[in-house]
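This report describes one protein chain in plain terms. Please look at the sequence and the structure before reading on.

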Amino acid sequence: MSDQYGDIVGSGQFRRRLEQIQEELSVLELQDPTRASVALYFSGRPVLGTRGIAADFAGRCLENYQDLVSKTFARRELGALGERGPIPLRQNTEMMVTGVTHGSFGFILDEMSDQTSILDTQLKEVVKEVSLTLEKFSADSDSEFLEFASEIDQRTVISLRNFFQEMDNSSATVRIVEDIHELNLDGPAVLRARQRAESSTIEDEATDIQGTSIHVLPEHRTFEFRTLTGDVLFGKAHADAVESYLSAIAMQVNVANSRMTAHMQVRTVHALNREPRSTYRLRNLSIEGGLAT
């Protein structure tokens, strides 16, 4: 159609896009749909057309991406990570380069396992979460970024900082394709995400907070807690806290009017030119007895 009207540029663009789609379809045909698989298509200064990519750049980017996968997996399994030390469960998250992409040069990473599964593997869910993390940190909306930032920890922020610094310093962009999701990180998005990762810190603190009432939704694992000063805190509840709450209900404890201690994990996000933002996770609950009426 474009050739018919003499639109040579448009025709070339359509052909390149068709080649991209055909390549993505061929990659998908080789994938096990229940296992983690992702394609990283790089463009920019480190890439020489379809011929190659700078080895040092490629190695660092793959290392940074794998680091994000490993830390995300450990956080999902264990909660907040320690400030330093080896990443727990890293051996369960290692992906392998199984092919190279064309069009814009890049790599196909796959989960390698002898196990078979009819459901999506944990690692596949983690790869989806990594894509979501990269998307939120590069989003146009500050509020979208801040809302998501409270879901991760400082060690993940450091990995994000390394990833986006490498991309920005090298004047590179990347298109990430996994399952049915595609994420394009162009130059402005990379710079925006780098600035956020460099200027943000996330602090985790375990603390006990005294209160007078609590309500927990067990299926959703969410809570609403009234402190002694009358403030109302809300957030997510750990399985141990849900069990303590249900045990109190079964013993006919008046959870709406009792002295209690909430064992909280408080996560505070400090972002550039923004007021600190705290979120709460209820780790467990101790109910001491009814209040005088």
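## The pairing of β6 and β7

E178 has H181, a residue of β7, as its bridge partner. The model is a predicted one, and in it strand β6, residues 172-178, is joined to β7 by five bridges. The two strands run antiparallel. Further along, V174 stands opposite L185 of β7.

Two residues lie between the strands in the hairpin of β6 and β7. One residue of this hairpin, D179, takes a positive phi near 55°.

## The five-stranded sheet

Strands pair in a sheet through backbone hydrogen bonds, and the pairing is either parallel or antiparallel. Here, five strands form an open sheet in the order β4-β5-β1-β6-β7, and the pairing is antiparallel. The edges are β4 (95-101) and β7 (181-185), each of which pairs on one side only. On average, neighbouring strands of this sheet are turned by 20° against each other, with direction ignored.

On its other side, β6 pairs with β1 in the antiparallel sense, over six bridges. Within this pairing, S43 has T173 of β6 as its bridge partner. Is β6 enclosed or open to the outside? Six of its seven residues are buried, so β6 is largely enclosed by the rest of the structure.

## Helix α5 and its neighbours

Helix α5 lies across three strands, β1 (37-44), β6 and β7. The direction of α5 is at about 130° to β6.

Two packed helices are described by the distance between their axes and by the angle between them. For helix α3 (residues 122-137) and helix α5 (residues 154-169), the axes come within 12 Å and cross at roughly 70°. An angle of 65 to 115 degrees counts as roughly perpendicular, and α3 and α5 are therefore roughly perpendicular to each other. Which residues of α3 and α5 meet? From α3 come T133, L134 and F137, and from α5 come V157, L160, F163 and F164. Of the residues in this contact, six are nonpolar, one is polar and none is charged.

S159 is also part of helix α5. Its relative accessible area is 1%, and residues under 20% count as buried, so S159 is buried. Apart from its neighbours within four places in sequence, S159 is in contact with D67, L68 and K71.

## One face of helix α4

Helix α4 covers residues 142-149, and its buried residues are F145, L146, F148 and A149. How are the buried residues of α4 placed when seen down its axis? They fall within an arc of 165°, so they line one face of the helix.

## V47 in strand β2

Strand β2 consists of residues 47-48 and contains V47. The relative accessibility of V47 is 14%, and V47 counts as buried. Leaving out residues up to four places away in sequence, V47 touches F42, G52, I53 and F105. V47 can also be compared with A58: the two are 11 residues apart in sequence, and their C-alpha atoms are 9.5 Å apart in space.

## Positive phi in two loops

S171 is not a glycine, yet its phi is positive, at about 55°. This residue lies in the loop between α5 and β6. S171 has a relative accessibility of 45% and counts as partly exposed.

R221 is another residue other than glycine with a positive phi, near 55°. Its place is the loop between β8 (201-217) and β9 (222-227). Is R221 buried or partly exposed? With a relative accessibility of 43%, R221 counts as partly exposed.

## The chain as a whole

The chain contains seven helices and 12 strands. It has 293 residues, and 43% of them count as buried.

How are the contacts spread along the sequence? Of the contacts in the chain with a separation of 6 or more, 68% are between residues 24 or more positions apart. The sheet offers an example of strands brought together from separate parts of the sequence: β1 covers 37-44, β6 covers residues 172-178, and these strands pair over six bridges.

Conventions: Residues numbered from 1 in each chain as written. Predicted model: local features only at pLDDT ≥ 70, side-chain atom pairs only at ≥ 80, totals over all residues. Heavy atoms only, no water. Axes fitted to C-alpha atoms, helices over the stretch in contact; angles between N-to-C directions. Helix = DSSP H or I, 4+ residues; strand = E, 2+ residues; numbered from the N terminus. Parallel < 35°, antiparallel > 145°, perpendicular 65-115°, else oblique. Contact = heavy atoms within 4.5 Å. Nonpolar A, V, L, I, M, F, W, Y, C, P; charged D, E, K, R; others polar. Pairing = 2+ DSSP bridges. Buried < 20%, exposed > 50% of the residue type's maximum accessible area, 1.4 Å probe, protein only. Arc of directions from axis to C-beta.
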